[in-house]
Amino acid sequence: MKTGKLKIFDDSRKLKTLKIIALAFSGILLLWFTFDITGLKIGDTKIVTSAFIDEPIDFVFYLILIASIVCFILKDKIGKYFLSAFLLFWGVFQFTVYFKTDDNLAAYNKTFADTHHIIAASQNTLIKDTFHIFLDIFILFAFITILIFLIAKIASNKKKSQTKESL
């Protein structure tokens, strides 16, 4: 008889460690993206405007990110695929922003003109503001760590099934 006990981590120390690392980077991404929902201003420096003002669609991404992380925590059998697919989709979506036409580039620069820029905006090439540069980095790190976990989990499952077959 199955008990209702929730099992968040595997018995394997390596997989447990990889899952914790993937969750840490996903958590950092979630925290950073929360600033997009709430807005973030440090003194007179605006890092990001609330998504409810600028881009309400970001709230949908926020909810999907939360659901993906919760799914990964509670049911990593499917959650690892769900979170990795979402992060891949989101990363590709963020990457395509770099290929803007001149009109779209001007619109991007106008939209984020009042937010902080580590590197000054350009009229010829898209230079994202500080918030979006860090968002891209955090998406990439979260994706890489979940992908490493995913590969290790698949390899572990394959190894377990081969061991069972040889017995």
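**Exercise 1.** Which helix does Thr 111 lie in, and is Thr 111 buried, partly exposed or exposed?

*Solution.* Work on the predicted model. Step one: find the element. Thr 111 belongs to helix α4, which covers residues 102-111. Step two: check accessibility. Thr 111 has 36% relative accessibility, so Thr 111 counts as partly exposed. Step three: look for polar partners. A polar atom of the Thr 111 side chain lies 2.8 Å from the backbone oxygen of Ala 107. Step four: look along the chain. Asp 54 is 57 residues away from Thr 111, and their C-alpha atoms are separated by 8.1 Å.

**Exercise 2.** Place Lys 153 and decide whether Lys 153 is buried or exposed.

*Solution.* Start with the element. Lys 153 sits in helix α5, residues 130-166. Next, accessibility. The value for Lys 153 is 8%, and buried means under 20%. Lys 153 is therefore buried. Now list its contacts, leaving out residues up to four places away in sequence. Lys 153 touches Asp 10, Leu 15, Asp 76 and Lys 80.

**Exercise 3.** Describe the largest nonpolar core and say which element gives the most to this core.

*Solution.* First, the size: the largest nonpolar core has 30 residues. Leu 29, Leu 65, Leu 87, Trp 90, Leu 135 and Ile 146 have the most contacts inside it. Second, the suppliers. α1 (13-38), β2 (45-48), α2 (57-74), α3 (76-96) and α5 each supply at least two residues of this core. Helix α5 gives the most, with 9 residues. Third, another core. Apart from the largest one lies a core of 5 residues, including Val 97, Tyr 108, Phe 112 and Leu 126.

Terms used: Residues numbered from 1 in each chain as written. Predicted model: local features only at pLDDT ≥ 70, side-chain atom pairs only at ≥ 80, totals over all residues. Heavy atoms only, no water. Helix = DSSP H or I, 4+ residues; strand = E, 2+ residues; numbered from the N terminus. Buried < 20%, exposed > 50% of the residue type's maximum accessible area, 1.4 Å probe, protein only. Contact = heavy atoms within 4.5 Å. Polar contact = N/O pair within 3.5 Å; in protein donor to acceptor, adjacent residues only side chain to side chain. Core = buried A, V, L, I, M, F, W, Y, C linked by side-chain atoms within 4.5 Å.
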